[in-house]
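I set out to look up three things in this structure: its nonpolar cores, its pockets and its salt bridges. My entries follow in that order.

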Amino acid sequence: MKNIAVIGYGALGHILVDAILDKLKEDYHLAGIFDQVLDEKTIAVKGETIPLYDNFDALLADDTDIVVEIAGVGAVKEYIVPLLDAGKDVVITSVGALADAALYDDIESAAKKAGRKVHITSGAIGGFDLMRTFTLMGGVVSEIQSTKAPKSLNGAPYLKEDLPTDKKVVAFEGSATEAIKGFPKNTNVAVATGLTTSGADATKVRIVSDPLSPGNTHRVTVENEKAKAVVEITSKPDPKNPKSSVTAAWSVAALLKNLADPVQYF
C-alpha cells in the first residue's frame, strides 16, 4: 500500500478524496491534504480523520509516494518541480499549465534527474491510448471541439461579455495554446490533447456555447495517413463548479487504480 497526498480540496478534490477512501482504500493510504484556504488541523471524511498539512514544506518532508495536484494551474507552476526534487511521483490534473513550454521542460528535467514519474490524467476526455499510438505512427493531426452551456464559459478572460442564452454560438477558434490563455478553467482537455499528439500550438480548438447543452461535450479527432479516430464524451458539469466535469476527478482515481493493479490497461 502506497502513501498518497492530495493538493487541493475544492469541488473536484472532494470527489477525488471520497473516491480514494472508498474505491482505492485497498491500494492507497491517504496521508493528508494540502489546501492553503483550509485552517483546520484535520477534516472528517467518510468516518475517517484526514490530516491537513500546515504548509507545503510539511508535505515535502512527509513520506508520501505519490502527490496528486487537483488545485489549478498555479499549483502546477509552484509545487510540481519541488515535489519531484523531493523524490515523489506526481499526478497532474491541471494540464493546461503545461502549455507553457518552459515549465514543461523544467518538470520533465526534474523528473529525469530525480528518477520519478509524472502522470498526466485524461480528465474529461479519453482516448490517450489512441492518441499516443497515432502519434508514434507519425504525421498525426489533432483537433478538439468542446461544447458547454454559457454559464460554464462566462467570465473567461477571452470573453468581453456574457454569452447569449438564446442561441448556439462559436465562442472561440484557435490553437490549444491560445485556448488555455483565454479559457483557463475550461480547456485543460485541449492542452492534454495537444501534448499527447501534435503539440498544443498545432492542435485546433473550437469552443461552442450551447444553452441547450446537456453537459460538457468534448469531441476529439485524431488522424494520420493510415488511421482516424473520433472520441466524443459528454459528462455532467460539477454542480459546485460548472466549469469542470466530475469525470476529471474520477479520471485521477482510475489512473491511480491502474497504477496499483497487477494487470494494467493502456
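The entries below concern a predicted model.

**Entry 1: nonpolar cores**

I began with the largest nonpolar core and asked which of its members touch the most others. The core has 51 residues, and Leu 59 and Leu 83 hold that place. I then looked up which element gives the largest share of this core. Helix α3, residues 73-85, supplies that share with six residues.

I followed Leu 59 further, leaving aside its neighbours within four places in sequence. Leu 59 is in contact with Ala 5, Ile 7, Phe 34, Tyr 53, Thr 64, Val 67, Leu 83 and Lys 88. Leu 83, one of these partners, is the residue noted above together with Leu 59 for touching the most other core members.

Apart from the largest core I found another, of 28 residues. Leu 12, Ala 19, Ile 43 and Leu 256 are among its members.

**Entry 2: the largest pocket**

I turned next to open space. The largest pocket holds about 1100 Å³. I recorded 30 lining residues, and Val 118, His 119, Ile 120, Phe 128 and Leu 255 lie nearest the centre of this pocket.

Which elements each supply at least two residues of this lining? I noted α4 (101-114), β7 (118-120), α5 (128-137), α8 (188-196) and α9 (246-260). By class, the lining of the largest pocket divides into 15 nonpolar, nine polar and six charged residues.

**Entry 3: the second largest pocket**

The second largest pocket has a volume of about 810 Å³. I counted 38 residues in its lining, with Leu 12, Gly 72, Ser 94, Asn 188 and Ser 244 closest to the centre. Leu 12 had already appeared in my notes as a member of the 28-residue core.

At least two lining residues of the second largest pocket come from each of α1 (11-22), α3, α8, β11 (216-223) and β14 (241-245). Strand β14 gives the largest share, four residues. For the classes in this lining, I recorded 16 nonpolar, 18 polar and four charged residues.

**Entry 4: salt bridges**

I found six salt bridges in the structure, and I examined several of them.

Asp 27 pairs with Lys 257, and their closest N and O atoms are 3.1 Å apart. Asp 27 sits in the loop between α1 and β2 (28-34), whereas Lys 257 belongs to helix α9, so that distant parts of the chain, 230 residues apart, are linked. Are these two residues buried or exposed? Asp 27 counts as buried because its relative accessibility, 17%, is under the 20% cut-off. Lys 257 counts as partly exposed because its value of 33% falls between 20% and 50%. I also noted that Asp 27, Lys 257 and Asp 261 are linked in a network of salt bridges.

Lys 41 forms a salt bridge with Asp 54, with 3.3 Å between the closest N and O atoms. Lys 41 lies in the loop between β2 and β3 (42-45), and Asp 54 in the loop between β4 (48-51) and α2 (56-61), 13 residues apart. Both Lys 41 and Asp 54 are exposed.

The side chains of Glu 173 and Arg 206 also meet in a salt bridge, at 3.1 Å from N to O. Glu 173 is in strand β9 (residues 169-175) and Arg 206 in strand β10 (residues 204-209), so this pair ties together parts 33 residues apart in sequence. Glu 173 is exposed, at 52% relative accessible area, whereas Arg 206 is partly exposed, at 28%.

Note on methods: Residues numbered from 1 in each chain as written. Predicted model: local features only at pLDDT ≥ 70, side-chain atom pairs only at ≥ 80, totals over all residues. Heavy atoms only, no water. Core = buried A, V, L, I, M, F, W, Y, C linked by side-chain atoms within 4.5 Å. Buried < 20%, exposed > 50% of the residue type's maximum accessible area, 1.4 Å probe, protein only. Contact = heavy atoms within 4.5 Å. 1 Å grid on protein atoms, 1.4 Å probe; cavity = no way out; pocket = protein on both sides within 12 Å on 5 of 7 lines; lining within 4 Å. Points joined across faces, edges and corners; volume = space filled by probe spheres on them. Nonpolar A, V, L, I, M, F, W, Y, C, P; charged D, E, K, R; others polar. Salt bridge = Lys/Arg side-chain N within 4 Å of Asp/Glu carboxyl O.
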